Amino acid sequence: MSHLIGAPIAMTNLSAQTTVSKESWGITQEGKHVEIYTLTSPRLTVRLATHGARIVGIDAPDATGKRADVVLGYRELASYERDRSTYFGAIVGRYGNRIAKGRFTIDGETYQVPPNNQGHALHGGSTGFDRRVWAAREVPGGVEMTLVSPDGDMGFPGTLTAKLDYTLDGASLHMSYAVTTTKPTVVNLTNHAYFNLAGESSGSIEHHVLTLAASRYTPVDAALIPTGELQSVAGTPFDFREPTALGERIASSHPQMKLGHGYDHNFVVDGEGLRVAARVRDPESGRMLTVTTTEPGVQLYVANFLDGTLTGKTGVKYGRRAGFCLETQHYPDSPNQPAFPSTLLRPGATLRSMTVLTFGAD
Ligand code: GLA
């Protein structure tokens, strides 16, 4: 039984204490204006950009009240535009993670998304939602971001309207999605923030301690496409049901660790409905992140592909394992895996999903 099951979900109504301000962040290469919204509560400061509906910073206190920005990213918009590989802080879509060969069939019709990762589609194809400028308006305690993706965008059928409310409620950032379509299509949206609870420029996260409410995970092939099995984590380096340092078993010779170059896997979150999926604690600062979600899965990715060539917002180069991602999601390649929870969305239905990031310290 996971450590996290039954843990209380902090749902208060502190969003009335949140202030929201907006400033211009510049213009994209295509000439689109980009804004940054700053959400401030007594506990957290969250900066969100309309480019990629992106989290560009979260200042969170440690046990002594000392604040640090715990999200990796850049100072400038142009750096985000240049970077086509990390998806720092962005919403990825229409289909977060991979679709095998970028191909899927709905009602007998086959669709093709441009393959942009080893012959497969990753994070919605070559120009995914992370590269779009979302419309935004202030709502109580936060900001509502909207993206209308036209019929045929990156090969996906149907005009898709994706709405995402970011609201700040004390120590919790709520992400609430509502998505509709004009034709049957597949959708899988997630946020791709990289966290380092010691501060974004503090180096490796291998000493961070993770607890994950997942008894199973989805093993992958060499291109990180799920094999279709749901495998038990018991006795493997994927068992985080008890708190374990991220680095403790990362050098394991388990074949899945080799294929992922470390952790880059989807975990099947135990239970259903809004529940705690993960908790991460940095033993040095005492900062903690709790991830609560309605999604059936979460991708644990520990920045295996960062290699010190990208310079972050405070001038420090991001090396391997400089951050971790917990991307709440439906399982990768679900459109081609009938046994996985469905990602099909039909006209008339509204896809609703919620993920909450709660920052604490002890
Ligand atoms: C996801 C994938 C990784 C990698 C990152 C972005 O987490 O699963 O393989 O592509 O996105 O670099």
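Let's start at the largest pocket, which has 27 residues along its lining, with Ser85, Thr86, Tyr87, Leu122 and His123 lying nearest its centre. Keep in mind as you look around that this is a predicted model. The volume of the largest pocket comes to about 430 Å³. Sort its lining residues by class and you get seven nonpolar, twelve polar and eight charged.

What takes up the space of the largest pocket? It's the ligand. Around the ligand there are 15 residues, and the ones that come nearest are Ser85, Arg98, His192, Asp264 and Glu327. The shell they belong to splits into six nonpolar, six polar and three charged residues.

Now zoom in on a few of those neighbours. Ser85 uses its backbone here: one of its backbone N or O atoms lies 2.8 Å from an oxygen atom of the ligand. With His192, it's a polar side-chain atom that lies 2.8 Å from a ligand oxygen. Glu327 also comes in through its side chain, with an N or O atom there 2.8 Å from an oxygen atom of the ligand. How much of the ligand's surface does the protein bury? On its own the ligand would expose 300 Å², and the protein buries 96% of that.

Stay with Tyr87 for a moment, since we met it among the residues nearest the centre of the largest pocket. Tyr87 is found in the loop that runs between helix H1 (77–82) and strand E6 (91–92). Its backbone has a quirk: phi is positive, about 60°, even though Tyr87 is not a glycine. Most residues other than glycine have a negative phi, and most peptide bonds are trans. That second habit has its own exception here, in the peptide bond from Gly93 to Arg94, which is cis, with omega near 0°. To find Arg94, look in the loop between strand E6 (91–92) and strand E7 (98–99).

There is a second pocket to visit too. The second largest pocket has a volume of about 310 Å³. Its lining has 13 residues, and Glu30, Glu81, Thr127, Arg131 and Arg132 are the ones nearest its centre. By class, that lining divides into three nonpolar, four polar and six charged residues.

Next come the cavities, the spaces that a probe cannot get out of. How many of 30 Å³ or more are there? The count comes to two. The largest cavity has a volume of about 90 Å³. It is lined by 14 residues, with Met175, Asn191, Leu326, Glu327 and Leu357 nearest its centre. You may recognise Glu327, one of the residues that come nearest the ligand.

Which strands build the lining of the largest cavity? Strand E14 (172–181), strand E16 (190–191), strand E27 (325–329) and strand E29 (351–361) each supply at least two residues. The largest share comes from E27, with four residues. Overall, this lining has eight nonpolar, five polar and one charged residues.

The second largest cavity has a volume of about 50 Å³. Its lining is made up of Arg54, Tyr74, Tyr80, Asp83, Thr86, Tyr87, Phe88 and Asp130. In terms of class, these are four nonpolar, one polar and three charged residues. Two of the names bring us back to where we began: Thr86 and Tyr87 line this cavity, and they are also among the residues nearest the centre of the largest pocket.

Terms used:
Residues numbered from 1 in each chain as written. Predicted model: local features only at pLDDT ≥ 70, side-chain atom pairs only at ≥ 80, totals over all residues. Heavy atoms only, no water. Near = heavy atom within 4 Å. Polar contact = N/O pair within 3.5 Å; in protein donor to acceptor, adjacent residues only side chain to side chain. Areas by Shrake-Rupley, 256 points an atom, 1.4 Å probe, with all protein chains shown as cover. 1 Å grid on protein atoms, 1.4 Å probe; cavity = no way out; pocket = protein on both sides within 12 Å on 5 of 7 lines; lining within 4 Å. Sits in = over half its atoms within 2 Å of the grid points. Nonpolar A, V, L, I, M, F, W, Y, C, P; charged D, E, K, R; others polar. Points joined across faces, edges and corners; volume = space filled by probe spheres on them.
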